[in-house]
Amino acid sequence: MTVPSAAQSLSDKPRFKKGRAVRALLSASALALVLAGCQVSEFAHEAAHLAPIPAGLDRKIDRMGMRAGSPILLRIYKEESALEVWKEDKSGRFQLLKEYEICAWSGELGPKIKEGDRQAPEGFYHVTPGLMNPNSSYHLAFNLGFPNAFDRSHGRTGSHLMVHGDCSSRGCYAMEDDQIEEIYALAREAFRGGQRAFQVQAFPFKMTPENMAKHADSEHLPFWEMLKRGSDHFEVTRQVPRVDVCGRQYVFNATPETGAFSARTECPAYDVRDDVEQLVAAKWDADLKRRGTVIARNAARDEREQRWEDREQAIAAFFDRGGREEDTAEPAPLSETEATALAVAGVPVPRSAPGDRGNGRAATEGVGFRLPNPFARRDEPVASVAGVVEEAETVSPTAPSSTATSVAQAPASPRPQAAETGVTPTEPLAYAPAEKDTGFFASMAEGSRGLFRKAGAIFK
């Protein structure tokens, strides 16, 4: 048996510890991949967090009277899929530096309620240097700090809710990699310039009167109106609003008269600087009035569209009624003119029950009725539809006649040839002149005029 030397034992001991450390590192990495939310990885992207502000953006910062290290503020709008970076200029007011398109965000409009609902948060959050994550498995990221004091006061849960790259979201706001590098660089330089935390205002949409009117029937409207007050504070001052929570509500730029704000207890009496309070109140009143106007206009538009839809349905039903009732309607009585035309043509006229109404077609089904053909050959007999001639005259097939009679009663005979008679034969007419045309086709034309008069009444 070989006994290891002291030197061998000492050399093996570090090797054993190193192998155990590697296994522990791999286990931690595997665990990180299965955690819910936008989690971090143990493997950093090479120096992406150190990328400088792009030269073009750096020149824009200078043109706008800003410094690379001046404070920033972020505003996020879900519905517009937009992320705005605002930066403080030399006057101390914030200006919009750049807007980025959000590549992906998960969930729907509305706040995040609980872990696993895949909702992106809405509210006011503050990002400190400790929430910046250069080692994110989604290229780069910073944690929003959800849940904040307001979220916790409502029992809302969730973790690892971030703004990150890689255009993939599970409750986060995802950007393209080059976009998150720019945003990360702007935040990094702001921290270097002395900013302790930058504010992120996450909204369902841009808080305009039109958007508030559009979503006026949402269950989240009271929550969104509260967010709008914070938005208004920034809009009228162009400075970062101070955000506190008391009575499970956000309060902005407020100073308690006594004590301090507590998220779960009622708000104490507090003051807001008079000039800010007046500006916010004026904006709120103007936006609320505008919202009412938009809601009324939208309601009138919807009512107008509904009237048009009802009218179109009524017109379609009117023109389609005959076709739908044809299979179920009882045979309708024929008019006197139609009955006369059928009698002249030798077609038996069926009887209808008194009081029945219809279009007359059902009454002739199954009896072999055929309308006279106005384009028939002249040597074919044609039934007159102008009326019944009281005394039918027999027309000689070889002698012309100037009397207009019905040829339905005349025997069919070959046409005389001009060479045999020496004269050109005169064709008997199938139409009897009268002061007013009362034939079958005239009746149909008269009915059509009545139909279009009724249709015109519907349009009016």
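These exercises walk you through one predicted protein model, each with a worked solution.

Before you start, note that local features here need pLDDT of at least 70 and side-chain atom pairs count only at pLDDT 80 or more, while totals for chains, interfaces and linings use all residues. Residues are numbered from 1 along each chain as its sequence is written, and side-chain values use heavy atoms, with hydrogens and water left out.

**Exercise 1. Get an overview**

Task: Find how many helices and strands the protein chain has, and what share of its residues is buried.

Solution:
- Step 1. The protein chain has 10 helices and 14 strands. Both are DSSP runs numbered from the N terminus: helices are H or I with at least four residues, strands are E with at least two.
- Step 2. Of the 460 residues in the protein chain, 35% are buried. Buried means under 20% relative accessible area, exposed means over 50%, and partly exposed is in between (1.4 Å probe, protein chains only).

**Exercise 2. Lay out a sheet**

Task: Work out in which order the 5 strands of the open sheet stand, and which are the edge strands.

Solution:
- Step 1. The order is β3-β2-β1-β10-β5, and the pairing is mixed. Two strands pair if DSSP finds at least two bridges between them.
- Step 2. β3 and β5 are the edge strands, since each pairs on one side only.
- Step 3. Now look at the directions. Strands of a sheet pair through backbone hydrogen bonds, either parallel or antiparallel.
- Step 4. β1 (residues 72-77) and β10 run parallel, joined by 5 bridges; here leucine 74 stands opposite valine 200.
- Step 5. β5 (residues 123-127) and β10 run antiparallel, also with 5 bridges, and glycine 123 has alanine 202 as its bridge partner.
- Step 6. β2 and β3 run antiparallel with 7 bridges; one pair is alanine 82 with glutamate 101.

**Exercise 3. Explain an enclosed strand**

Task: Say why strand β10 counts as largely enclosed.

Solution:
- Step 1. Follow the two sides of β10: Phe198, Val200 and Ala202 point one way, Gln199, Gln201 and Phe203 the other way, and all are buried.
- Step 2. Because 6 of the 6 residues in β10 (residues 198-203) are buried, the rest of the structure largely encloses this strand.

**Exercise 4. Trace the core**

Task: Name the residues with the most contacts inside the largest nonpolar core, and the element that gives the most to it.

Solution:
- Step 1. This core has 37 residues, and Leu74, Leu83, Phe142, Val163 and Phe198 have the most contacts inside it. A nonpolar core is a set of buried Ala, Val, Leu, Ile, Met, Phe, Trp, Tyr and Cys residues joined through side-chain atoms within 4.5 Å.
- Step 2. α4 gives the most to this core, with 8 residues.
- Step 3. Zoom in on leucine 74. Beyond residues up to four places away in sequence, leucine 74 touches residues including Leu83, Phe142, Ile183 and Phe198. Contact means heavy atoms within 4.5 Å.

**Exercise 5. Look at a lysine**

Task: Decide whether lysine 78 is buried or exposed, and find what its side chain reaches.

Solution:
- Step 1. Lysine 78 lies in the loop between β1 and β2.
- Step 2. Its relative accessible area is 0%, so lysine 78 is buried.
- Step 3. The side chain of lysine 78 reaches the backbone oxygen of glycine 110 at 2.9 Å.
- Step 4. Outside its neighbours within four places in sequence, lysine 78 is in contact with several residues, among them Trp105, Glu122, Tyr173 and Phe205.

Conventions: A polar contact is a pair of N or O atoms within 3.5 Å; within protein, one must be able to donate a hydrogen and the other to accept it, and residues adjacent in sequence count only if both atoms are side-chain atoms.
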